[in-house]
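Dear colleague,

I am passing a structure on to you, and below it you will find some notes on what came out of it. Please keep the structure open beside you while you read.

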Amino acid sequence: LETFAKINTWAFKWLANNFLNIDAGLFDSNSGTHTAWEKMRDIANIAFVLAFLILIYSQITGMGAGSYGWKRMLPRLIIAAILVNSSYYICQLMVDVSNILGFSLKEFLSGISADLFKNTNNQYASAFESGNALPLQVLTAGIIGSAAVWLLLPILGSVLLSVLAVLLVTIVILLLRKALVVLLIFISPLAFVAYLL
């Protein structure tokens, strides 16, 4: 059980250190993410020009949106244009907030784990340090404990397989999370253009 606990602790630390935060290097001005975002921003700005031309055409001809539609659409157009051109920095801010929350959660869970492990070790240490246990009691406890280990070995094996399956699924989910964050940053200008609709 102690070995399984150490494996779980190692797996938690490895996952927390490698996958709980999103690498800030993805958002450098020379990164591929920034280059892809610039291309999508250019497409979104073209969509703004088209929307602006449609608004002007409908205002001149009186077809489609009237003066009320123009007055209602113009503020949304300006807000969406500002959001599109600053969407990369908004996404950077959101990723930084996510990293801070993830790090805080890791520290919180690590603190609980350390306190729990310390209290458990102190209980076992005080029972054996008291010296009140008779040698026959210790021998009996050892024999029963070893028999219990052999009886529980298949169960412990299935627990280990379950832990490994959960670890694998968690790694896949966290890898998909990183890829999805990059994809969402890439299409964020189009999401702000969709605000116009």
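A residue is called buried when its relative accessible area is under 20%, exposed when over 50%, and partly exposed in between (1.4 Å probe, protein chains only). This is a predicted model, in which local features need pLDDT of at least 70 and side-chain atom pairs count only at pLDDT 80 or more, while totals for chains, interfaces and linings use all residues. Residues are numbered from 1 along each chain as its sequence is written, and side-chain values use heavy atoms, with hydrogens and water left out.

To begin with helix α1, which covers residues 2–19 (helices are DSSP runs of H or I, at least four residues, numbered from the N terminus): its buried residues are F4, A11, L15, A16 and F19. Seen down the axis of α1, these fall within an arc of 125° (taken from the directions from the axis to the C-beta atoms), so they line one face of the helix. On the other side of α1, the residues E2, T3, K6 and W10 are exposed.

What does D42 form with R41? The two form a salt bridge, with the closest N and O atoms 3.5 Å apart, where the term stands for a side-chain nitrogen of Lys or Arg within 4 Å of a carboxyl oxygen of Asp or Glu. By this rule the count comes to one salt bridge. D42 is partly exposed, at 39% relative accessible area, and R41 is also partly exposed, at 21%.

With best wishes

Key: Helices (H or I, at least four residues) and strands (E, at least two) are DSSP runs, numbered from the N terminus.
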